[in-house]
Structures are given as C-alpha cells and as structure tokens.
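Ready for a little practice in reading a structure? Take a look at the chain below, then work through the exercises with the solutions beside you.

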Amino acid sequence: MAQDESASTPYTEDDFYCPICQEVFKTPVRVAACQHIFCRKCFLTAMKESRIHCPLCRGNVTRRERARPERALDLETIMRSFPGSCRYCFQRIELCRMRQHYKTCKKYQDEFGVSSTTTLSSFQLSPDSVGNSNSNSEASTSENAEAYLEDNAIPSDQPSFDCPLCEEANMTRQRLLDHCNSNHASHVVPSICPICLSLPWGNPTQLTRNFVSHLNERHQFDYGAFMNLHLDEETQYQIAVEESLQGNI
C-alpha cells in the first residue's frame, strides 16, 4: 500500500527533507507566497534571523505566518504512507517514522553520536542505558532515566526548572515535586508552572491557582516517557493505534 501511495504522488523522497536541517520534515509548514516548506521549528528559528523573508528564496513572509505558520497538512498525510529509506542503514520505513527510527539506528548514532530527536524518555542516557532501552519497555526506560538523573547532574540539553515559590533553581521535575511537597505544601499561591511552560503547548500567561496541587496532579511523571513531544497530536494518535494493534496480534 505504501508503494502504491509513492507511485500515485508526484513526490520523490527528497521532497520530504527540510532545506534547513536536511532531515525528514517534522511538523512541516508552508510559506503561502512561494509554497516552500520547512520544519516548523526550523522556520520559526529562521524567522528570528531574517524576520520577513523566506529562508530559501527570500520571498516575503506575512506577519501572521511569522507568528503562526500554516501547517502543510497535505504533506503530513502523504508522509504517513510514503515509503522512505534511511540514509544510513538503508532500512525501508515510512517517512513519518524516520526520525523515530534514528533513535535506534546504530549507523546514524555512529555518524552523529546522538539521535536527531529527543528519545521517548526525554533523557540523555549513558551508552549502556541506551543499548538496554532498545530491548526494554518504555516503562523500564523511564525508570532508568529517573535513576540516572537522581545520581547525576542535569545534562546541559535537558530541561531544568526553577521553583516559582522561592529561589531554589536548576531542579529536575522530580526534585521540583519533592521540593515543593517538603517546603511549600501549605502555600496556595497562583503561579506559572515552569514544567507546563517547557512543553510545546505551554502558555506563558497561564496561571495555576494552586501550584503545589497542580504539580501533584499533573506532573507525577515525565510526559516524554510516554509520548514524543516532537510529533503533532494526529501523528501520535496514529502511532498509538498502530502499536496497540500490533500488541493485540
């Protein structure tokens, strides 16, 4: 079916690679005037530099597009069934799963040292832990990640959080939770949750009426242990359905 989809579209595999990061599109967005397509994050980063021009052709980009670029939903739909080939191990795989594949592609890891996307556990683990995570369940990976961060400093590429109720800073999610339960359990203070703010859907103006209660209700786990924060909701839903079906076979 994937091969039929490939044959029925005018696209080639190279059409699904971002001209900025040179990787398979992640949440592709399209510039209306010139129809050029980029990863959403790549486009927004480029807009901070060029401000009003398309990163590829220097065409004009509207103010609305600079703030909220239009999703290339038609391209995302095609990517869900378009067959691609890993440029490193040459395994055939749907393009929508390519970045997911990089996490376990040994040749990609050897080439770049780390995966191009955040792992399911959202932690930078030691090589031994990464090797084990390929064969263990997501729950086991999450447990290994928690133990790692409890015994080690927070990696520079991982989020750390400051307590909005005091001056305590640079804490992991679990440390922030423990800190607030120990020091601020009786404090009912409206605050902006730093963990929510770090998520792709975070709202910098969203106040939480009872911050400590919010932590205990919403942040007893790391979102990255159960979902890929770099995928849009529709793609995550499709992956969840497919994995559920595979588990029932």
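Here are four short exercises on a predicted model, each with a worked solution.

**Exercise 1. Find the partner of Asp14 in a salt bridge, and say where both residues sit.**

Step 1. Start with the idea: side chains of opposite charge can pair when their charged atoms come close.

Step 2. Look around the side chain of Asp14, and you will find Arg87, with 3.4 Å from N to O. A salt bridge needs this distance to be within 4 Å, so the pair with its 3.4 Å qualifies.

Step 3. Now place the two residues. Asp14 lies in the loop between helix H1 (2–7) and strand E1 (28–30), while Arg87 lies in the loop between strand E4 (83–85) and strand E5 (92–94). The two are 73 residues apart, and their pairing links distant parts of the chain.

Step 4. Check the surroundings. Asp14 has 56% relative accessibility and therefore counts as exposed. Arg87, at 39%, counts as partly exposed.

**Exercise 2. The structure holds three salt bridges; describe the one formed by Arg30 and the one formed by Arg71.**

Step 1. Begin at Arg30. Its partner is Asp74, and the closest N and O atoms are 3.2 Å apart. Arg30 belongs to strand E1 and Asp74 to helix H4 (residues 73–79), so this pair links distant parts of the chain, 44 residues apart.

Step 2. Ask how accessible each partner is. Arg30 is buried because its relative accessibility of 17% is under 20%. Asp74, at 38%, counts as partly exposed.

Step 3. Move on to Arg71. Its side chain meets that of Glu76 in a salt bridge, with 2.7 Å from N to O. Arg71 is partly exposed at 30% relative accessibility, whereas Glu76 is buried at 5%.

**Exercise 3. Work out what is notable about phi at Thr27 and at Gln35, and whether each residue is buried or partly exposed.**

Step 1. Read the backbone angle of Thr27. Phi is near 55°, a positive value in a residue other than glycine. Gln35 is not a glycine either, and its phi is also positive, at about 70°.

Step 2. Locate both residues. Thr27 is in the loop between H1 and E1. Gln35 is in the loop between E1 and strand E2 (37–39).

Step 3. Compare accessibility with the cut-off. Thr27 has a relative accessible area of 16%, which is under 20%, so Thr27 is buried. Gln35 has 46% and is partly exposed.

**Exercise 4. Describe the surroundings of Thr208, then say which residues of H11 are buried and what they pack against.**

Step 1. Place Thr208 in the loop between helix H10 (194–198) and helix H11 (211–218). Its relative accessible area is 12%, so Thr208 is buried.

Step 2. List the neighbours. Leaving aside residues up to four places away in sequence, Thr208 touches Val189, Pro190, Ser191, Cys193 and His214.

Step 3. Follow His214 into the helix. In H11, His214 is buried, and so are Phe211, Val212 and Leu215. Seen down the axis of H11, the buried residues fall within an arc of 160°, so they line one face of the helix.

Step 4. Finish with the packing partners: the buried residues of H11 pack against helix H9 (173–183) and H10.

Conventions
Residues are numbered from 1 along each chain as its sequence is written. This is a predicted model: local features need pLDDT of at least 70, side-chain atom pairs count only at pLDDT 80 or more; totals for chains, interfaces and linings use all residues. Side-chain values use heavy atoms; hydrogens and water are left out. Helices (H or I, at least four residues) and strands (E, at least two) are DSSP runs, numbered from the N terminus. Buried means under 20% relative accessible area, exposed over 50%, partly exposed in between (1.4 Å probe, protein chains only). Contact means heavy atoms within 4.5 Å. The arc is that of the directions from the helix axis to the C-beta atoms.
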